[in-house]
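User: Please take a close look at one part of this model, the way its nonpolar interior is put together. I would like one connected account, with the cut-off behind each term given once.

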Amino acid sequence: MHDAAEEYAWPTCAPCGRGLRHEELGRIACRLCQRRTDEHLEALAGDTGLYASLADALTPGAGLGEGRVSGSRTAPLPLRLEPLSLSARGGIVTVLQTWLIDWHDTLGWRHPRWEGGLQQQLDQVVKALRVNLEWAASSHPAFAEFSTEVASLTRACRSQATGERPERRITVACPCGGTLRITISTPGARCPGCGTQYARADVLELPLAERRMAA
Ligand SMILES: [Zn+2]
Ligand SMILES: [Zn+2]
């Protein structure tokens, strides 16, 4: 059964689920989500950026802190989050270039060209994405996926570069019976079961699912 009120619900920001402000109507994402994504992109680029800092984290023993590895009860990071796989071809640079190609296709532009080594390519692709971010946040239907991916890449780099533990993921239960995997800083999440888009504040209100499932 469809509820008329639901059909005419106020438009929301795709990444965070908040209601769009009047001057944001017609956009895919709110200004706050656009700015947050821009900050993440900015943090990745440049000689002192997070991407450059991965090189230091590649040194054995660096980043994680001495003694942390042995006797650690923390599960190892998935391979794709390790510094080498983040910084190598196929890592961050490739993920961002794939998005830029997608944007060029959507806009009907020629395929972008890459020049130089990986750091130069990273700087180029970040610059191009930032230049077109206003368009993407306004019009690109997959902006939520893009902003989520950029946020998780930035977080993975930061945790490698500084040795911070990655944020703990928790599983919360949607009333529909579906579960959502979130972190404490999630901007919002969509339930894979019923498709409900939860804003940050609402998703953090959902009950934990782990214990219930274990029981
Ligand atoms: Zn938003
Ligand atoms: Zn649900």
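Analyst: Two residues are in contact, or touch, if their C-beta atoms, placed from the backbone, lie within 7 Å. This is a predicted model, in which local features need pLDDT of at least 70 and side-chain atom pairs count only at pLDDT 80 or more, while totals for chains, interfaces and linings use all residues. Residues are numbered from 1 along each chain as its sequence is written, and chains are lettered from A and ligands numbered from 1 in the order in which they are written.

A good place to start is leucine 44, which, once residues up to four places away in sequence are set aside, touches Gly49, Leu50, Tyr51, Ile92, Leu122, Val126, Thr154 and Cys157. Leu44 and Cys157, themselves partners in that list, are the residues with the most contacts inside the largest nonpolar core, which has 35 residues (a core being a set of buried Ala, Val, Leu, Ile, Met, Phe, Trp, Tyr and Cys residues joined through C-beta atoms within 7 Å). Several helices meet there, for the elements that give two or more residues to this core are H2 (31-44), H3 (50-57), H5, H6, H7 (133-139) and H8 (143-162), where helices (H or I, at least four residues) and strands (E, at least two) are DSSP runs numbered from the N terminus. H8 gives the most to this core, with 9 residues. A second, separate core has 8 residues, including Leu180, Ile182, Ala189 and Cys191.

The contacts of leucine 44 can now be set against the helices. Its partners Thr154 and Cys157 belong to the buried residues of H8, a list that also holds Phe143, Ala144, Phe146, Ser147, Val150, Ala151, Leu153, Ala156, Gln160 and Ala161 (buried: 20 or more other C-beta atoms within 10 Å; exposed: 12 or fewer; partly exposed: in between). Its partners Leu122 and Val126 are likewise among the buried residues of H6, together with Gln124, Val125 and Leu129. Leucine 44 itself falls within the span of H2, and its partners Leu50 and Tyr51 within that of H3.

The N-terminal end of H8 also meets a loop. Alanine 14 lies in the loop between H1 (4-7) and H2, and it is buried because 25 other C-beta atoms lie within 10 Å. Leaving out residues up to four places away in sequence, alanine 14 touches Ile28, Ala29, Phe143 and Ala144, of which Phe143 and Ala144 are buried residues of H8. Cysteine 30 is 16 residues from alanine 14 in sequence, and their C-alpha atoms are 8.1 Å apart.

A further loop residue offers a second view. Threonine 186 sits between strands E2 (179-182) and E3 (188-190) and counts as buried because it has 20 C-beta neighbours inside 10 Å. Threonine 186 touches Arg200 and Val203, again without residues up to four places away in sequence. Threonine 148, which falls within the span of H8, is 38 residues from threonine 186 in sequence, with 8.9 Å from C-alpha to C-alpha.

For the setting of these parts, the protein has 10 helices and 4 strands, running from the N terminus as α-α-α-α-α-α-α-α-β-β-β-β-α-α. Of its 215 residues, 29% are buried. Among contacts between residues at least 6 apart in sequence, 58% join residues at least 24 apart.
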